[in-house]
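Trainee: Hi! I would like to learn how to read charged residues in a structure. Could you walk me through one?

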Amino acid sequence: MDLRGLRYFVAVAEERHIGRAAARLRMTQPPLSRAVQRLEADLGVALFARTPSGVELTEAGTVLYADARSLLEQADRLETRVRSSAGDATLTVGSLADTVELVGGRIAAAFRERHPTVSVRIHEADLGDPSAGLRAGLVDVALTRLPFEATGLRTHVLHTEPVGLVVREDDPLAGQDSVHLADLSDRRWVRLPPDTDRIWRAYWTGSTTAPDHGPALRTIQECLQAVLWNGMSALAPLDQLTPAGLVTIPVTDRPPSILILAWSAHRPSPLIGSFVRIAAELYRGNHRQHG
């Protein structure tokens, strides 16, 4: 038995229903059912009797429930005391453009509940640094997007999003249902900073070389305004909010944008690990580990 398995068991015991327990735990039903089955197999007893309306505790399950609640409460108190003894801890989270807005609210509440004494700082990087401060040692963990050169980093995929071509409403392509980037070599792409990661620049501009015209743009809004005012072209996730006068056309030959958590492979810490696990639980179903 482990504490996670006991937490799953207690949730099912209290909800008397696998579906309601899964919703409470913010997970899907199949992995919860498998976890309960593993616990029953480990103990060699049936903990629940299945009924048309859900589940009921067996006699063995009733015995386990009483002690499991007590054990989990003790574990929570121990965790709090250990963290308090270490003094105030700080976790610096790097974000890139819209990433902290997309997932910050979802992670923040769960992280505060698990780590009430930890101070979290947010460092917002610009488009020239897809590592969102990791490469410079400015942050502990980053919310960012692939693809970029990720050697020396570990990553966890949270979500994938299709991308589109952002153009003005009066652009000849604006009315098309989709576009193929291979056919758009003559477009004027927004220019990212010259020292930007080559893989990142090629993905978001449709060009492997930096354009030699226009100023270097460091934020999403600067790129969108360059499209609006100067007729440039840019790529963005399809659900990216854009100013009036712009449209986003699905791109058929570009893989999805991958929203990730990233952290240094050489500086692991329990706090970073906890942050990643909390995010993984919230994004269960998109779990995939790299590095």
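Mentor: Happy to! Let's start with a cut-off: a residue is called buried under 20% relative accessible area, exposed over 50%, and partly exposed in between. Keep in mind that this is a predicted model.

Trainee: Is Arg4 buried, exposed or partly exposed?

Mentor: Arg4 has a relative accessible area of 42%, and that value falls between the two cut-offs, so Arg4 is partly exposed.

Trainee: And what about Arg121, buried or exposed?

Mentor: Arg121 has a relative accessible area of 53%, so this residue counts as exposed. Arg121 sits in strand β4, which covers residues 119-125.

Trainee: Which residues does Arg121 touch, leaving out those up to four places away in sequence?

Mentor: Arg121 touches Thr90, Leu91, Thr92 and Val93. You can also compare sequence with space: Arg121 and Gly94 are 27 residues apart in sequence, and their C-alpha atoms are 8.4 Å apart.

Trainee: Now for salt bridges. What is the general idea?

Mentor: Side chains of opposite charge can pair when their charged atoms come close. In this structure, a search of the whole model finds 13 salt bridges.

Trainee: Which residue forms a salt bridge with Glu281?

Mentor: That partner is Arg4, and the closest N and O atoms of the pair are 3.8 Å apart. Glu281 belongs to helix α8 (residues 270-282) and Arg4 to helix α1 (residues 3-15), so this salt bridge ties together parts that are 277 residues apart in sequence.

Trainee: How many residues apart are Glu73 and Arg69 in helix α4?

Mentor: They are four residues apart in helix α4 (residues 59-85), so about one helical turn separates Glu73 from Arg69. These two form a salt bridge, with the closest N and O atoms 3.3 Å apart. Glu73 is partly exposed at 37% relative accessibility, and Arg69 is partly exposed at 31%.

Trainee: Which residues are linked with Arg69 and Glu73 in a network of salt bridges?

Mentor: The network also includes Glu14, Glu15, Arg20 and Arg24.

Trainee: One last pair: are Arg145 and Glu161 buried or exposed?

Mentor: Both Arg145 and Glu161 are buried. They form a salt bridge whose closest N and O atoms are 2.8 Å apart. Arg145 lies in strand β5 (residues 141-146) and Glu161 in strand β6 (residues 153-161), and the pair, 16 residues apart, links distant parts of the chain.

Trainee: Thanks! I'll look for these pairs in the picture.

Key. Residues numbered from 1 in each chain as written. Predicted model: local features only at pLDDT ≥ 70, side-chain atom pairs only at ≥ 80, totals over all residues. Heavy atoms only, no water. Helix = DSSP H or I, 4+ residues; strand = E, 2+ residues; numbered from the N terminus. Buried < 20%, exposed > 50% of the residue type's maximum accessible area, 1.4 Å probe, protein only. Contact = heavy atoms within 4.5 Å. Salt bridge = Lys/Arg side-chain N within 4 Å of Asp/Glu carboxyl O.
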